[in-house]
Amino acid sequence: MGSVLQSFQEGFPTFLLWTGAAGLMLILAVSVYVLLTPWKELALVKGGNGTAGLALAGAIVGLAIPLASCLASSVSLLDLMLWGIVSLILQLLAYRLTDLMLRDLPKRIQDDEAGAAIVLIGTKLASAMLLAAGLWDPALQRF
């Protein structure tokens with residue numbers, strides 16, 4: 001039992017540091033996403049717009065998926081930060097392209113049209129999973 005506790009004591013600070021860094025990157029990316037969207041999700045959600053809540057939840061999960069992949073396969077904190085930032089930038093670009101391709105999306109979200117949010121969530125999650133798979137390295141080696 002002593003080796004388990006010793007392992008925990010040695011590993012827990014690293015766990016907190018790495019997970020905290022990933023959490024901070026996620027918070028920053030969600031903030032950037034909210035600023036990039038032409039509709040104001042938080043105000044719409046506070047006003048009872050469920051579609052805006054769905055769209056924002058999809059964005060948060062979609063940003064977290066590739067970041068989680070980076071967290072799982074990074075070999076150092078610098079590696080996590082570098083690939084995490086790259087993954088978040090690519091995901092934000094994918095979101096922006098999705099938002100541009102789905103015409104009238106801001107109006108649909110504001111009008112509480114769930115169908116538009118569902119398509120948006122699907123495209124965001126699909127791009128997140130593809131990006132996460134490209135970032136994940138089971139051998140813990142980068143190309």
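Phe-12 and Phe-15 both belong to helix H1 (residues 2–36), where they stand 3 residues apart, about one turn of the helix. The model described here is a predicted one. A search of the whole structure yields 2 aromatic pairs. In one of them, the ring centres of Phe-12 and Phe-15 are 6.0 Å apart and the ring planes lie at 25 degrees, so this pair counts as stacked. Ring pairs join Phe-8, Phe-12 and Phe-15 into a cluster. Phe-12 is partly exposed, with a relative accessibility of 34%, and Phe-15 is likewise partly exposed, at 46%.

**Overall architecture**

The protein contains 6 helices and 0 strands. Read from the N terminus, its elements follow the order α-α-α-α-α-α. The C-alpha trace spans about 60 × 35 × 20 Å along the principal axes. Of the 143 residues in the protein, 35% are buried. Among the contacts with a separation of 6 or more, 77% are made by residues 24 or more positions apart.

**Packing of helices H3, H4 and H6**

Three helix pairs are set out below.

| Helix pair | Axes | Angle | Residues in the contact |
|---|---|---|---|
| H3 and H4 | within 9 Å | roughly 150 degrees | 11 nonpolar, 6 polar, 1 charged |
| H4 and H6 | within 10 Å | roughly 150 degrees | 8 nonpolar, 5 polar, 2 charged |
| H3 and H6 | 9 Å apart | about 5 degrees | 17 nonpolar, 5 polar, 1 charged |

Helix H3 covers residues 50–73 and helix H4 covers residues 77–101; their axes cross at roughly 150 degrees. That angle makes H3 roughly antiparallel to H4, and the crossing is right-handed. On the H3 side, the residues that meet H4 include Gly-58, Ala-59, Gly-62, Leu-63 and Leu-67. Their counterparts in H4 include Trp-83, Ser-87, Leu-88, Gln-91 and Tyr-95.

Helix H6 spans residues 114–135, and its axis crosses that of H4 at roughly 150 degrees. H4 is therefore roughly antiparallel to H6, and here too the crossing is right-handed. Among the H4 residues in this contact are Trp-83, Ser-87, Gln-91, Tyr-95 and Asp-99. The H6 residues that they meet include Leu-120, Thr-123, Lys-124, Ser-127 and Leu-131.

How are H3 and H6 oriented, roughly parallel or roughly antiparallel? The two helices pack at an angle of about 5 degrees, which makes H3 roughly parallel to H6. In H3, the contact includes Thr-51, Leu-54, Ala-55, Gly-58, Ala-59 and Gly-62. In H6, the contact includes Ile-121, Lys-124, Leu-125, Ala-128 and Met-129.

**Two buried residues**

Lys-124 lies in helix H6. Is Lys-124 buried or exposed? With a relative accessible area of 0%, Lys-124 is buried, because buried means under 20%. Leaving aside neighbours within four places in sequence, Lys-124 touches Tyr-33, Ala-55, Gly-58, Ala-59, Gly-62, Gln-91, Tyr-95 and Asp-99. Gly-58, Ala-59 and Gly-62 are among the H3 residues that meet H6, while Gln-91, Tyr-95 and Asp-99 are among the H4 residues that meet H6.

Leu-88 is found in helix H4. Its relative accessibility is 6%, so Leu-88 counts as buried. Which residues does Leu-88 touch, not counting those up to four places away in sequence? They are Met-25, Ala-29, Leu-63 and Leu-67. Leu-63 and Leu-67 also appear among the H3 residues in the contact with H4. The C-alpha atoms of Leu-88 and Ala-64 are separated by 8.7 Å, although these residues are 24 apart along the chain.

**A loop residue with positive phi**

Asp-112 is located in the loop between helix H5 (105–110) and H6. Most residues other than glycine have a negative phi. The phi of Asp-112, by contrast, is near 65 degrees, a positive value in a residue other than glycine. Asp-112 has a relative accessible area of 39% and is therefore partly exposed.

Technical notes:
Residues numbered from 1 in each chain as written. Predicted model: local features only at pLDDT ≥ 70, side-chain atom pairs only at ≥ 80, totals over all residues. Heavy atoms only, no water. Axes fitted to C-alpha atoms, helices over the stretch in contact; angles between N-to-C directions. Helix = DSSP H or I, 4+ residues; strand = E, 2+ residues; numbered from the N terminus. Parallel < 35°, antiparallel > 145°, perpendicular 65-115°, else oblique. Left-handed = near helix turned anticlockwise from the far one by under 90°. Contact = heavy atoms within 4.5 Å. Nonpolar A, V, L, I, M, F, W, Y, C, P; charged D, E, K, R; others polar. Phe/Tyr/Trp six-rings, centres within 6.5 Å; stacked < 30°, edge-to-face > 60°. Buried < 20%, exposed > 50% of the residue type's maximum accessible area, 1.4 Å probe, protein only.
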